[in-house]
Amino acid sequence: MVLSRVLQQLMNGLSIGSIYALIAVGYSLIYSILQFSNFAHGSFLVIGAYTGFFISTAASLPFAGSVALAVLTAGVAAVVTERVAYRPIRERNSPTLYFIIASMGIAIFCEQTIIATIGPKFRTYPRILSTTSFNLGPVTVAIMDLWALAIACVCLVVLQYFISRTRMGFAIQAASFDLQAAGLMGVNVNGLIGLVFLIAGILAGLSGVFLGMKYTVYPQLGYLTIKAFVAAIFGGLGSLPGAIVGSIVLGVLEAFISAFLWSQMRDLFVFALLIAVLLVKPSGLMGKYVEEKV
Amino acid sequence: MPVLELSKVTKRFGGLTAVSEFDLRLEEGELVGLIGPNGAGKTTVFNLITGMYAPTSGTIRFLGEDIHGKKPHQIARRGIARTFQNLRLFRNLTALENVAVARQMECRYSFVEAALRTGRFRAEEKRVREESLELLHLVGLGGKAYEKARNLPYGYQRKLEIARALALRPEVLLLDEPAAGMNPEESLSLMEFIQDIQERFGVTIFLIEHHMEVVMGICSRILVLNFGCTIAEGTPEEIQANPEVIKAYLGEVQE
Amino acid sequence: MAYYQGVLTIICVNLMCVMGVSLLTGFTGIFSFGHAAYMAIGAYTSAIVVGRLGMPFVIGLIAAAAAAALASFVIGYPTLKLVGDYFAIAALGFGEATRLILDNGGDITGGARGFVGVPKHTTLSIALLIVALGVVLMRNILNSRFGRSFVAIREDRLAAEAMGIDTSRFRMMALAISAAYAGVGGSMFAHYLTYLQPVMFDLNKSTEMAATVVFGGLGSLTGSVVACVLLTTIPEVFRPFYLWRMVFYGLALVSTIVLRPQGLLGTYELTFERLKKVVSACPLKARFDRRGGGLTGGPESGGGRSCRY
């Protein structure tokens, strides 16, 4: 029954793709404003995952509460990161290179601190959301995946509304075209950037919780953001719809390759896709490639 | 034969036409100006000549050779040098090193010779160093040779960029708003400087400027650009009296 | 005693790799988070050439450099034309991809379990010799039109292009040279440790190299050397530090770039002139005077010069 396998993989791909989308959107948002790739994005994810794990195992909060706290923690971590590391660089008008270096440093620092303190052991989330699945026709759907997909969709819709209908959202759009000009037009640039990081952090934290539940929690969980990076580039860096489309497509392609070809090929495929995109159309499906003014 | 010849050069960016049917003939030793309101396409013309953009249509001939589609470094090597509107010095290098980067173009020593520091390497390096120093002295920056470019006063930075361009020993020198940000006194000094360079080095100069006293003072001929089109061409006197030019700069005169 | 020799040898290995990264990132301004891949390629190539094919060590070294440089051509040619961010991402991808390929190399590479039985050839004296040659070669490259071109590209690629420098070609050259250095380092490493595992050349290793160069000062070869010695020695000497050394690398990267972007030494270079001044009080003055006289150095202006004028 090839069709059922295909549909199954489509479902799997959709599910993982929606999680990638949460990551990719936050990453793309930061890129569109500050014009740099935040390699520390994985750290926000990991912080969310671990915080969620600790709170839900230790405290007696309802699960939703733990998730909320975890997500908030990740958001705060993102804001703090921006304030401590990126803002000084931005204010000094340093080359973009410095952002990349700093973000990579933060990513390594975060991952390694977790390894050195909490330990590299895998941690499992408590079985709150039943791991049972149900059958939708020929396809097996895990309840948890459905929740993840649903929540991801809701978040993205809310974000889209926020960006395109609210004042703050307009400010973000303006800033993504020209940060300096937006500032001159009276936008509180520092506050805006803080907000953007908060949003990105929250989304990353949420995806971290989902990934932690779906797989397990471990320090290198942040590496999955590399795939989201590729998805964001594929969809077009700086474009939020592009990030979503790219993530879904990547998730689905990954699922297919993993199932129908060699599972080891899955990761290599992602990198091959990256190289292909960068060579053929660096601006991705929907991105804008800005020419440097001479 | 004109040194530089542009024929019906057009540049379109998507739906926007930045430069339209631009013609230019530069004869050897001329000092020609290019003026026009902001956004008229002047720097785009420079970028087209130096190969940073490829023309959408039209031809560009330098010393009789078609340079359409050549890369910027190839065009620079052929003999067209430029300065930039917003200064693009190598900020963390010294003035001498800035000039040397351009002067080293004629070096022939190979990678292996550099690695082994052979006789040819030493000789050519010595020559680059001496010629660069000499050039700096000529433009009046001799005393600042070992200062980092970013620490130089603005006026000196502008001069350094010109010196660096001259180090390429170009046939044609494109100066993009060399007097930008200067007060009248500095502009006057720059005027003399440019004329001096032209006499001394025998370069053909094509100049973009907003400071009218500079342009009118030293250019033998001026082209006026507006919205990518040439609206006038002539001597300074002719340009100053041209109603189209006045309209472009000051808008319609209300009757 | 053998322990200190071992540490020194590792310093030499790291130095070779770090010098390559210094050229690429510090001097040419190309940031790469996948440079460990070239070290890996060099290590495995040399291990195979010397260990399996029975060639002499020197051939192994050359093969390592060549293989790494060749790989850099293959990857660099399509990716160097990308703007900064994209290249760094591509490099990261390449680094991880290389590790994955090595992990799945089956019998050829020994897979994730490792490649054992590499003949031991890297003695301390050989390592020191190779590194010394490497340092001299690097300095000569930097103090030539090639070095000046690299730095010009770092400072302003567009302007460098306008000054007649084929920036694409020189960027590729910088990448190839830096890859070759990493390859040689990898070969030295393979024949010192006698066994290899792909995980030795992961993102941590790339980070280590990048952090060292940033910490020492982007644009100072001396800085890279000093930082490398420090950052290799301290975790070895202070064993408790060893567990936290990656934490420290990450912290070093961030705090350096935020608090003191010029790193330890900025663009300061130790030249023969400066060495002469230090030594001039010594009775060895006469010997150094003779040596230093042949160099066309510039006067001692404040701050550093990466091209010696």
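Trainee: Which domains does the domain assignment of chain B give?

Mentor: This is a predicted model. The assignment splits chain B in two, and one of the parts is made of two stretches of sequence, 1-79 and 172-255. The other part covers 88-169. The answer is domain 1 (1-79 + 172-255) and domain 2 (88-169).

Trainee: How far apart do the C-alpha centres of domain 1 of chain B and domain 2 of chain B lie?

Mentor: The two domains touch, with ten residues from domain 1 of chain B and eight residues from domain 2 of chain B in the contact. Their C-alpha centres are separated by 27 Å.

Trainee: Which element gives the largest share of the side of domain 1 of chain B that touches domain 2 of chain B?

Mentor: Two or more residues on that side come from each of helix 2 (72-78), strand 7 (172-176) and helix 7 (184-201) of chain B. By class, this side of domain 1 of chain B has seven nonpolar, one polar and two charged residues. The largest share is three residues, and the element that supplies them is helix 7 of chain B.

Trainee: What is the radius of gyration of chain B?

Mentor: Chain B contains ten helices and ten strands. For its 255 residues the globule rule gives 18 Å, and the value for chain B is close to that, so the chain is as compact as a globular protein of that length. The C-alpha trace of chain B spans about 75 × 40 × 35 Å along its principal axes. The radius of gyration of chain B is 19 Å.

Trainee: Is helix 5 of chain A roughly parallel or roughly perpendicular to helix 6 of chain A?

Mentor: Helix 5 (residues 143-165) and helix 6 (residues 167-177) of chain A have axes 5 Å apart and pack at an angle of about 80°. Angles of 65 to 115 degrees count as roughly perpendicular. Therefore helix 5 of chain A, relative to helix 6 of chain A, is roughly perpendicular.

Trainee: Which residues of helix 6 of chain A meet helix 5 of chain A?

Mentor: The contact between these helices has three nonpolar, three polar and one charged residue. Helix 5 of chain A brings Phe162(A), Ile163(A), Ser164(A) and Arg165(A). On the side of helix 6 of chain A, the residues are Gly169(A), Ile172(A) and Gln173(A).

Trainee: At what angle do the axes of helix 10 of chain A and helix 11 of chain A cross?

Mentor: Helix 10 (residues 240-260) and helix 11 (residues 265-280) of chain A have axes that come within 9 Å. Helix 10 of chain A is oblique to helix 11 of chain A, and the crossing is right-handed. The contact involves Glu254(A), Ile257(A) and Ser258(A) of helix 10 and Met265(A), Arg266(A), Phe269(A) and Val270(A) of helix 11 of chain A. The crossing angle is roughly 140°.

Trainee: Which helix gives the largest share of the side of chain C that touches chain A?

Mentor: In this interface, 32 residues of chain C are in contact with 31 residues of chain A. The side of chain C comprises 23 nonpolar, seven polar and two charged residues. Helix 3 (57-79), helix 4 (84-103), helix 10 (203-216) and helix 12 (239-259) of chain C each supply at least two residues. The largest share, eleven residues, belongs to helix 12 of chain C.

Trainee: What distance separates the centres of domain 1 of chain C and domain 2 of chain C?

Mentor: The assignment for chain C gives domain 1 (2-267) and domain 2 (271-309). Taken over C-alpha atoms, the separation of their centres is 29 Å.

Note on methods:
Residues are numbered from 1 along each chain as its sequence is written. Chains are lettered from A and ligands numbered from 1 in the order in which they are written. This is a predicted model: local features need pLDDT of at least 70, side-chain atom pairs count only at pLDDT 80 or more; totals for chains, interfaces and linings use all residues. Axes are lines fitted to C-alpha atoms, for helices over the stretch in contact, and angles run from 0 to 180 degrees between N-to-C directions. Helices (H or I, at least four residues) and strands (E, at least two) are DSSP runs, numbered from the N terminus. Angles under 35 degrees count as roughly parallel, over 145 as roughly antiparallel, 65 to 115 as roughly perpendicular and the rest as oblique. A crossing is left-handed if the near helix is turned anticlockwise from the far one by less than a right angle, and right-handed if clockwise. Two residues are in contact if their C-beta atoms, placed from the backbone, lie within 7 Å. Domain bounds come from an automatic or database domain assignment. Ala, Val, Leu, Ile, Met, Phe, Trp, Tyr, Cys and Pro count as nonpolar, Asp, Glu, Lys and Arg as charged, and the others, Gly among them, as polar. The radius of gyration is taken over C-alpha atoms; the globule rule is 2.2 Å times the number of residues to the power 0.38.
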